[in-house]
Amino acid sequence: MTTEAALPSGPARSGARGGGRTVSAVLFGGRTGPVLVIVAAILALWYAACLPMNAGLPSMPTEGDLAARYQAAWALERPVLPSPHQILMELRVSTCGRLPSDQPFWSAFLSCEIRWTPRNLLFHAWTTLSSTLVGFLMGGLLGIVLAVLIVHMKTLEKSLMPWIIASQTVPILAVAPIVIVVLGSLGITGLLPKSIISAYLCFFPVTIGMVKGLTSPHPIDLDLMRTYDASVWATFWKLRWPAALPFLFASLKVAIAISLVGAIVGELPTGAQAGLGARLLTGSYYGQTVQIWAALIAAAALAALAVAAVGLAERVTVAALGGRR
């Protein structure tokens, strides 16, 4: 029997080649399926952990069947570990206000009226995101400039690189109050101090990644550029820079996530009235654990969106340069 005879014919054969994919094949045949399975497992473990984590609270009933105790653990006002639907409800309340009593949960969640006030979580998210983006731009540019100087000036590689590495050994929780106090004494407050803290964190991965990228061209390619009598800048723009782009975007994805962490940390020692860091402080002061978790989920969502934006910029850049997306 030949190979052609062994293969199914007609619709079955076309389906085997991917022409007639079912819904289950679409959901679980690519990247979507594993992600859904992991999310479902995390949610199941999260719901299951609510009872043992909240068992020691005075408001938890000590008697009753297991189902009743779980329902109580999922509905506590100030739990140690809130349930996922409590966090979802807090996100809705923090962005759209209280749920109308005469509407079901999902319809009220979709009919959202956002008011741009300091009580809105989106207001705090934008405050943190603005500091993140400014710090990311500052740190990214600083990292690229340092990398170019280190690659083209060998003395800087031995004199500057150890200090760049040593700068990241100091805990950011120790650096942030110093930066805030020093800049505050100079009359500089608001966005800039938090942005400097973000830049302090995010310039390091950009510097290391760009140094690796700019030195990645093969020696034979560099020798070829010398054979063509190419200048240092011609070699940089036509050889080193294109070779460094994959390393640059990989570093930028790490840098923008770290920049968000720096912006949140920068809001903690200042007693800021706005920002996700301020929401975390307010929640910790008043024991509002659901509010704390909602702010953490909002920060994670911001980081995911920021990394996705850098990935989109990478695909656009690669396509513009004629590469494969």
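In the predicted model, ring pairs join Trp-233, Phe-236, Trp-237 and Trp-241 into a cluster. Within this cluster, the ring centres of Phe-236 and Trp-241 are separated by 6.0 Å and their planes stand at 45 degrees, so the pair is classed as tilted. The two partners differ in their surroundings, in that Phe-236 is buried, with a relative accessibility of 4%, whereas Trp-241 is partly exposed, its relative accessible area being 22%. Because the limit for burial is set at under 20%, the value of 22% places Trp-241 in the partly exposed class.

The count of aromatic pairs comes to seven. One of these is formed by Tyr-47 and Trp-74, whose rings meet edge-to-face with a centre-to-centre distance of 5.2 Å and an angle of 80 degrees between the planes. This pair connects distant parts of the chain, since Tyr-47 belongs to helix α4 (residues 32-54) while Trp-74 is located in the loop between α5 (66-73) and α6 (84-96), at a separation of 27 residues. Tyr-47 is partly exposed, with a relative accessible area of 24%, and Trp-74 is likewise partly exposed, with a value of 26%.

With regard to helix packing, the axes of helix α8 (residues 121-152) and helix α14 (residues 232-267) approach to within 7 Å and cross at roughly 145 degrees. The crossing of α8 with α14 is right-handed, and the contact between the two helices comprises 15 nonpolar, seven polar and two charged residues.

Notes:
Residues are numbered from 1 along each chain as its sequence is written. This is a predicted model: local features need pLDDT of at least 70, side-chain atom pairs count only at pLDDT 80 or more; totals for chains, interfaces and linings use all residues. Side-chain values use heavy atoms; hydrogens and water are left out. Rings of Phe, Tyr and Trp (its six-membered ring) pair if their centres lie within 6.5 Å; planes under 30 degrees apart count as stacked, over 60 as edge-to-face and the rest as tilted. Helices (H or I, at least four residues) and strands (E, at least two) are DSSP runs, numbered from the N terminus. Buried means under 20% relative accessible area, exposed over 50%, partly exposed in between (1.4 Å probe, protein chains only). Axes are lines fitted to C-alpha atoms, for helices over the stretch in contact, and angles run from 0 to 180 degrees between N-to-C directions. A crossing is left-handed if the near helix is turned anticlockwise from the far one by less than a right angle, and right-handed if clockwise. Ala, Val, Leu, Ile, Met, Phe, Trp, Tyr, Cys and Pro count as nonpolar, Asp, Glu, Lys and Arg as charged, and the others, Gly among them, as polar.
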